[in-house]
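Let's take a walk through this protein chain together. Have a look at the fold first, and then we'll pick out how its pieces sit against each other.

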Amino acid sequence: MSQFWKPGTERPRLIDDEEGGVLFYSTSALSSSSSGYGFASVEKQRQRLPVYKYRTAILYLVETHATAIIVGETGSGKTTQIPQFLKEAGWAEGGRIIACTQPRRLAVQSVASRVAEEMGVKLGEEVGYTIRFEDVTNTDLTRIKFLTDGVLLREMMDDPLLSKYSVIMVDEAHERSLSTDILLGLLKKIQRRRPELRLIISSATIEAKKISSFFSPSKRRQALQTEDHGPNAEPAILSVEGRGFNVEIFYVEDPVPDYLQAAVSTVLSIHDQEAMGDILMFLTGQDDIDAAVQLLSEESRNGRNQAGLIILPLYSGLPRADQDLVFSPTPRGKRKVVISTNIAETSLTLEGIVYVVDSGFSKQRFYNPITDIESLIVAPISKASARQRAGRAGRVRPGKCYRLYTEQYFLKEMSAEGIPEIQRSNLVSSVIQLKALGIDNILGFDWLASPSSEAMIRALEVLYSLGVLDSDAKLTSPDGFQVAEIPLDPMISKTILASNQYGCSEEVITIAALLSMQSIWISARGTEKELDEVKLRFAAAEGDHVTFLNVYKGFIQSNKSSKWCHKNFINYNAMVNLSI
Ligand SMILES: Nc1ncnc2c1ncn2[C@@H]1O[C@H](COP(=O)(O)OP(=O)(O)OP(=O)(O)O)[C@@H](O)[C@H]1O
């Protein structure tokens, strides 16, 4: 195991810029909920959460302000409790709905089921969720709805003012996903047309002042608003004090040369030396995770006292049944090790997690508008991410977080926040979405952070060349409107529409589905050469798209055989999903 040290022990601590931070070890006062964790009734657990004491304050601010910004530490109860407070206070009466958005699908599903459980209702009835291609709501019954911010944006196509929602809570706003930023800009516009709509922007690690000044109305509007006695348009900021359970933070003494190897040996040492409790390890992507799974499995086979380990990968391309395993209870005497991408970084509560191992890296999207190339690059995470990662422990019992970087690096070099996705992404999909919502002047749109003009121009050029926008940059009819309707990359949507003309719709739709998967190949350490040989067998001179089609045809010809997939390093579960 790398040499870790706990700040506050031998070495002098450097804590000056930790303000607004989330999790600091302190020997005094354990959590507010430190007694008898794990055995309390759901109602008791709710009452012990820090946010519970702020119930009246939150309801008052929502009543009196158009926008409330709520900052509270990870695990303080924002996501699961605030929608329930609002429902109890009558915000879902008269058929209205309380919405709570999340940047990630997995978080939407898991918080919705937790809230349904807390309320003692069936998921999909009073409490429901919607993610792309999955709607678990009931039009007549659902009063609290969790959804991804992308899905809420899509809903605006049919209902531009989101009229069925009384309160929209944009949770984990610090993530600054592409959809969150667009959503915030559009919600600001909607507020002007619907003064009765209430917004809540929440996170553990958000820059509340920046969000507040974004939503702050101009002096003229403020004066007008005072006359019509609506809610105060000036946003209110509420800071929820208190946290769940302590999380002790440990840093490596010296930088590690190989984070993957260091993460694996840290897990093994925890298993050797620490009390029972599950481990959550943050790596960057499927390749890293597969490699770590293999290394840990080898260690198990070599018998280094690893018998009790249950090793579970977690990434967005993983089949649903495998993702669900991470939520299942750990058998007595065993220890779960969940090896995840940043899919598990925010909102999730994995009950057994006591230890977090943070590699300090994640895969991030970067776009170069000059070359028009978008790449996924392994890059250092921000402090906000580090705090979120640590915050996956300490939710139902005290925890420990092992950071595979030095404290000096955390304090002096790690950036406070990541770069908003809008400033590092291809904007083709966003531009068409805004156009479809009637935002003609994209350059003048009220952005929380402006995208680069090069990326914007590039997006307009691409859409023009696809025939989706005309020379006045307006959506063409019918092509532009049809492409905007399809929730896929506009290039793919346009290809699907055009395929009809060339009589190849089935092939093109299959390719589109294959492209939407993370990876159709499965590789393991040491099998790279065999994988390359297999890929050659399917390769088509026309390029990757036809190669993918060949793989799919092979799978169908094999009678959807798992053996065939295994032999050819092909992701069987993905193929099965595709062929349903
Ligand atoms: N599935 C669950 N099982 C057990 N306890 C849970 C579960 N989900 C939530 N909790 C409990 O409720 C607490 C509050 O969770 P919630 O997600 O509302 O917090 P949060 O403030 O939104 O955190 P974050 O900022 O990390 O999203 C957790 O710390 C945990 O104690």
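In this predicted model, helix 5 (residues 149-158) lies across four strands: strand 3 (97-102), strand 4 (127-131), strand 6 (144-148) and strand 7. Helix 5 runs at about 100 degrees to strand 6. Helix 7 packs on the sheet too, where it touches strand 2 (67-72), strand 8 and strand 9. The direction of helix 7 makes about 175 degrees with that of strand 2.

So what does the sheet itself look like? Eight strands make up an open sheet, in the order 5-4-6-3-7-8-2-9, and the pairing is mixed. Strand 5 (134-136) and strand 9 (236-240) stand at the edges with a single partner strand each, so one side of each has no neighbour in the sheet. On average, neighbouring strands here are turned by 20 degrees against each other, if you ignore direction.

Now zoom in on some of the strand pairs. Here is how they are joined:

| Strand pair | Bridges | Direction |
|---|---|---|
| strand 3 and strand 6 | five bridges | parallel |
| strand 3 and strand 7 | five bridges | parallel |
| strand 7 and strand 8 | five bridges | parallel |

You can find individual partners in these pairs as well. Gln 102 stands opposite Thr 148 in strand 6, while Cys 100 has Met 169 in strand 7 as its bridge partner. Val 167, in turn, is partnered with Arg 198 in strand 8.

Is strand 3 mostly covered or uncovered? It's mostly covered, with six of its six residues buried. In a regular strand, side chains alternate between the two faces of the sheet. In strand 3, Ile 97, Ala 99 and Thr 101 point one way, Ile 98, Cys 100 and Gln 102 point the other way, and all are buried.

Back to the helices. Helix 6 (residues 178-193) packs with helix 7 (residues 208-215) at an angle of about 40 degrees, their axes 10 Å apart. That angle is why helix 6 and helix 7 count as oblique to each other. Helix 6 brings Leu 184, Gly 185, Lys 188 and Gln 191 to the contact, and helix 7 brings Ile 211, Phe 214 and Phe 215. Sorted by type, the residues of this contact are four nonpolar, two polar and one charged.

Finally, step back to the whole chain. There are 22 helices and 17 strands, and 54% of the 580 residues count as buried. The accessible surface comes to about 26200 Å², with 51% of that belonging to carbon and sulfur atoms.

Methods. Residues numbered from 1 in each chain as written. Predicted model: local features only at pLDDT ≥ 70, side-chain atom pairs only at ≥ 80, totals over all residues. Heavy atoms only, no water. Axes fitted to C-alpha atoms, helices over the stretch in contact; angles between N-to-C directions. Helix = DSSP H or I, 4+ residues; strand = E, 2+ residues; numbered from the N terminus. Parallel < 35°, antiparallel > 145°, perpendicular 65-115°, else oblique. Contact = heavy atoms within 4.5 Å. Nonpolar A, V, L, I, M, F, W, Y, C, P; charged D, E, K, R; others polar. Buried < 20%, exposed > 50% of the residue type's maximum accessible area, 1.4 Å probe, protein only. Areas by Shrake-Rupley, 256 points an atom, 1.4 Å probe, with all protein chains shown as cover. Pairing = 2+ DSSP bridges.
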